[in-house]
Structure formats: structure tokens, C-alpha cells
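Please look over the structure below before reading on. The briefing that follows takes up its helices, core and salt bridges by topic.

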Amino acid sequence: MSEKQALGDTKVNEDDTKADLENNVNLEAGDAAKRAEDERELDGKEAQRPTRLYKRRWMIVLLFSSYSLCNSFQWIQYGIINNIFMKFYGVDAFTIDWMSMIYMLTYIPFIFPVTWLLDKKGLRVIALVATALNCAGTWIKVASVRPNLFAVTFLGQFSCSCAQVFILGMPSRIASVWFGSEEVSTACSIGVFGNQLGIAIGFLVPPILVPNVDDLDELAHHIRIMFYITAGVATLLFILVVFVFQERPKLPPTQAQATARLIPPEQYSYTASILRLLRNRPFILLIITYGLNVGCFYAVGTLLNRMIIEHYPGEEVNAGRIGLTIVIAGMVGSLICGIWLDKTKTYKQTTLAVYFMSLVGMIVYAATLNLGHLWVVFITAGALGFFMTGYLPLGFEFAVELTYPESEGTSSGLLNCSAQVFGIIFTICQGKIIDGFGTLAGNIFLCVFLLIGTIMTGLIKSDLRRQNANMLAKAAGPSDCPNGSLAEPSVIQEERL
């Protein structure tokens with residue numbers, strides 16, 4: 001009996017061991033299934049990454065607009081009273097024209113290293129360098145208010161022109177890094193708005209602060225006051241940037257920006273990015289058309305005093321007011337176009353319409369300049385500015401759409417580089433044509449190139465890559481997270497960190 005009992009016990013033990021093994025296998029299978037379910041849940045959470053809009057974004061874009069204003073004011077502060085500075089420093093008109101054109105010339109060689117620095121170091125470093133150079137340039141000018149120190153005032157203007165390289169291409173980058181997909185065009189317009197307002201003040205204030213007097217000592221006093229005011233504002237803005245300006249928000253504002261953040265820095269090649277952009281046919285067309293339009297604006301702004309004085313002698317102050325009218329109308333146009341783009345996303349249609357109206361405005365302005373009625377010039381110049389200056393943010397935002405996911409700073413830099421090249425060419429050529437054949441011939445010269453630009457804008461293919469990326473990201477979210485419940489907790493959790 002003991003042997004049978006032992007055999008029975010052995011069989012029972014074998015059955016228990018077999019049952020335990022089966023239970024362990026089932027438990028492990030259940031754990032694996034649970035882990036797979038957890039992984040699927042995590043994948044669902046990652047399908048639509050956490051995003052958030054911060055109130056601080058408005059402070060950032062307004063601060064940028066402020067120091068952009070301070071810099072752009074100095075672009076035109078010599079040209080709008082060129083006859084006064086010619087008398088004070090004893091130089092010719094073409095030399096004073098270079099006080100504006102140095103902004104354009106400096107931009108061309110320095111934009112590529114600056115955009116590389118932007119991609120490597122980010123927005124805050126670029127903002128600090130921009131405001132530091134601008135501040136230094138203003139104080140150099142303060143020390144240059146003597147008739148024999150034109151070289152010193154040119155050095156100050158050169159420093160400010162270097163600062164401009166760190167400013168012009170930033171609106172679209174700040175808009176993309178800080179603002180939501182329904183706000184980017186408006187934010188970009190606000191960034192450009194500051195630059196335009198600075199030009200407007202540059203047209204208005206110098207003729208008021210520096211009247212055309214014969215006494216050089218009195219003239220030096222007025223110039224010194226203007227330079228001191230500019231230096232004080234530039235210094236304040238530099239301090240604010242040091243303590244307030246932030247690199248980027250903790251969480252990205254859009255799915256497109258969240259995707260861009262995932263690209264490792266070591267995988268980004270600035271040279272490869274430039275080559276990809278140069279192979280992008282729609283973007284190449286935009287580079288040329290943007291350069292033609294903005295180059296015409298630079299030429300008109302630089303030579304405005306000469307054109308007005310030729311037909312209306314002694315009207316330096318009104319020449320400044322006409323320049324103010326051009327830019328104020330353009331600021332209104334910029335904001336309206338930015339809001340319109342955010343609502344409709346009709347980038348090509350809006351760009352083409354505004355470009356065509358810039359051509360019409362230039363034709364009307366050229367035809368009415370010599371009629372002898374200043375009020376007519378104010379109206380036609382305002383219409384020209386509404387469309388020609390209003391085009392600026394359109395070009396920036398259209399470029400970002402055509403080139404996503406390339407860096408916004410790189411695409412904007414190439415646009416501005418084109419504008420500076422055409423600006424120098426148009427300013428020199430139109431100045432020579434005005435000297436030889438009069439203002440009408442000079443303005444017809446610009447009309448021809450605006451016509452070419454309008455035709456080329458119609459040939460640009462509308463490939464809105466950034467908008468497509470945002471729509472695809474939004475569409476992917478619900479498909480991976482049917483109830484929309486998986487993505488939301490991740491957003492809340494990130495916001496609390």
C-alpha cells in the first residue's frame with residue numbers, strides 16, 4: 001500500500017506542477033497583452049503632442065517690434081533730410097544716399113552667418129546681439145556731431161545696419177515659435193508693423209527735430225538732440241531684452257512646431273537646408289518677386305526727399321509727412337492682410353492681388369507727382385504704401401508655407417537678401433535716372449519691374465506645406481485616440497510641470 005500511495009502522491013504532485021506552469025504561462029500572456037495595450041495607449045498619446053499658448057507671447061512680439069522700430073527709424077533719418085546733412089557734413093547727395101543703402105549692402109554678406117547663428121543659438125542670442133549693436137551705433141552717432149566727423153557718423157550707421165541683419169528676418173520665426181496656427185500671420189504682421197512704424201517715425205521726426213537753418217552750430221545742436229533721444233531709447237530696449245526676452249515657450253504652440261522640435265540638432269545641416277531651398281522652384285520665384293517689390297519700396301523711401309523737393313521746393317517737412325503717410329497706410333495694410341490670411345489661408349491669391357495693386361498704386365503716384373498739388377501726392381502715396389508696404393508680411397508668411405519644415409529664419413533671410421540687392425540696384429539706377437531725365441522717368445523705371453514681379457507672382461505654385469502639416473497632425477489625433485481622451489491628460493500633465 002505504501003508504494004501505491006507514493007505513486008499516487010507523485011502523480012498528484014505532477015498534476016499540481018503542470019497546473020502551476022499553465023497558470024504562470026497564462027499570467028505572463030496576460031502581462032504581455034497588458035504591456036502591448038499600454039504601449040498602444042502611449043502611442044496614442046504621442047500621436048497628438050501636447051501644445052499650449054502662453055500670454056507671454058504678446059510681450060515677446062511687442063518687445064521685438066519695439067527694437068525693430070528703433071533700428072528702422074535710423075535707416076531713413078539721414079535720407080529724409082539729405083539736403084540738411086549734405087550742408088552740415090559737406091558731402092554730396094549720393095554720399096548721403098549711402099547712409100540708407102549701407103543697410104542694404106551690409107545685409108547681403110552677413111545674412112547667411114546670422115541665420116546659421118539663429119539656428120544654432122536661437123532667438124534670445126540674436127535679440128541680444130541686435131539690440132547691443134543698435135545701442136552701440138546710436139552712441140557712436142552722438143559723438144559724431146561735428147562737420148569734420150562724417151566718417152564717425154557713418155561708422156555709427158554701419159553698426160546699426162549690422163543690427164538690422166539680426167532683426168529683419170525674425171518676425172516669421174517668432175510667430176512660428178510662439179503663436180498658434182490661427183495667429184501666425186497676425187503675429188508676423190505685428191512684427192513687421194514695428195519695422196514699418198520705425199520707418200514712419202523716421203520720415204516724420206527728423207524734419208521736425210532738425211530744421212533747415214544756416215547756422216552750423218545751431219544745426220549741430222538740433223542733430224545732437226535727435227541722436228541723444230535715439231540713444232536713450234536704444235539703451236532702454238537693450239536692457240529690456242536682457243531681462244525679458246525668452247528663447248521659446250516650454251510647450252510648443254502647434255503640432256508643426258512640436259514636430260520641428262523633435263529633429264535632433266546634429267541632423268540639421270544649414271548648407272543642406274540652403275540647397276533644398278534653392279531647388280524649390282516656387283520659393284525661387286517668390287525670392288525674385290519679393291525682391292522686386294520691396295526693392296522698389298526701398299528706392300522710393302530713400303529718394304523721396306529728392307523727388308518731393310524737385311517739384312515742391314522747401315517742403316522738407318511735408319516730404320517727411322508723405323513718407324509717414326506711405327508707411328502708416330502700409331501698416332494698416334499689413335495688419336489687414338495678416339488677419340485676412342489667418343482667416344482664409346489664401347496665400348497666393350492675396351499676395352497676387354496686393355502685388356498687382358502695388359503696381360497700380362505706383363503708376364498713379366508717378367502720374368500725379370508733378371501736378372503741383374501736395375494733397376494729391378498725399379492720397380496717391382498713401383494708396384501706394386497701403387499695398388506696397390502691406391506686401392511685406394505676406395511675403396514672409398507665404399515663404400514659410402512654401403518651405404516648411406525649413407528654418408523660418410533661413411527663408412526670411414533669403415527674401416530679405418533679395419530685397420537688399422534689388423534695393424541697392426533700384427536706388428542707384430533711379431537716382432541716376434532722376435538726375436538725368438526727371439522723376440517721372442525714374443518712377444516709370446520702377447513700374448516696369450513691378451509689372452514683371454506681378455507676372456512672376458502669378459506663376460508661383462501654391463504649396464502650403466505648413467498648413468498641410470498642421471491639418472495632418474490634427475487628423476491623426478482622433479484616429480489614434482477615438483474618444484479624444486488620451487491626448488488631453490498629457491497636455492494637462494505637462495502644463496502642471
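Contact, as the word is used here, means that heavy atoms lie within 4.5 Å. With that meaning, Ile174 touches Ile60, Val61, Phe64, Leu123, Phe179 and Phe245, where residues up to four places away in sequence are not counted. The model is a predicted one, in which local features need pLDDT of at least 70 and side-chain atom pairs count only at pLDDT 80 or more, while totals for chains, interfaces and linings use all residues. Residues are numbered from 1 along each chain as its sequence is written, and side-chain values use heavy atoms, with hydrogens and water left out.

**The nonpolar core**

- A nonpolar core is a set of buried Ala, Val, Leu, Ile, Met, Phe, Trp, Tyr and Cys residues joined through side-chain atoms within 4.5 Å, and buried means under 20% relative accessible area, with exposed over 50% and partly exposed in between (1.4 Å probe, protein chains only).
- The largest nonpolar core has 126 residues, and those with the most contacts inside it are Tyr67, Phe85, Ile174, Phe245, Met362 and Tyr365.
- Helix α12 (residues 281–311) supplies the largest share of this core, namely 16 residues; helices are DSSP runs of H or I with at least four residues, strands are runs of E with at least two, and both are numbered from the N terminus.

**Helix α8**

- Helix α8 (residues 184–209) has 26 residues and reaches 37 Å from its first C-alpha to its last, close to the 38 Å expected at 1.5 Å a residue, where the expected span is 1.5 Å times one less than the number of residues.
- At Gly202, α8 bends by about 25°, and the proline Pro206 follows within four residues; the bend is the angle between axes fitted to the seven residues ending at a residue and the seven starting there.
- This helix is mostly covered, since 19 of the 26 residues of α8 are buried.

**Salt bridges**

- A search of the whole structure finds four salt bridges, each being a side-chain nitrogen of Lys or Arg within 4 Å of a carboxyl oxygen of Asp or Glu.
- Glu183 and Arg57 meet through their side chains in a salt bridge (2.9 Å, N to O), and this pair links distant parts of the chain, with Glu183 in the loop between α7 (170–178) and α8, and Arg57 in helix α2 (residues 56–76), 126 residues apart.
- Both partners count as buried, Glu183 at 18% relative accessibility and Arg57 at 9%.
- Arg306 forms a salt bridge with Asp97, the closest N and O atoms being 2.9 Å apart; Arg306 lies in helix α12 and Asp97 in helix α4 (residues 93–121), so the pair ties together parts that are 209 residues apart in sequence.
- Arg306 also meets Asp435 in a salt bridge between side chains (2.6 Å, N to O), and Asp97, Arg306 and Asp435 are thereby linked in a network of salt bridges.
- Within this network, Asp97 is buried with a relative accessible area of 4%, whereas Asp435 counts as exposed at 55% relative accessibility.

**Two further residues**

- Thr389 has its place in the loop between α15 (374–388) and α16 (391–403), and at 1% relative accessibility Thr389 counts as buried.
- Gly458, in helix α18 (residues 439–458), counts as partly exposed at 32% relative accessibility, and Gly458 touches Lys348 and Leu352 when residues up to four places away in sequence are not counted.
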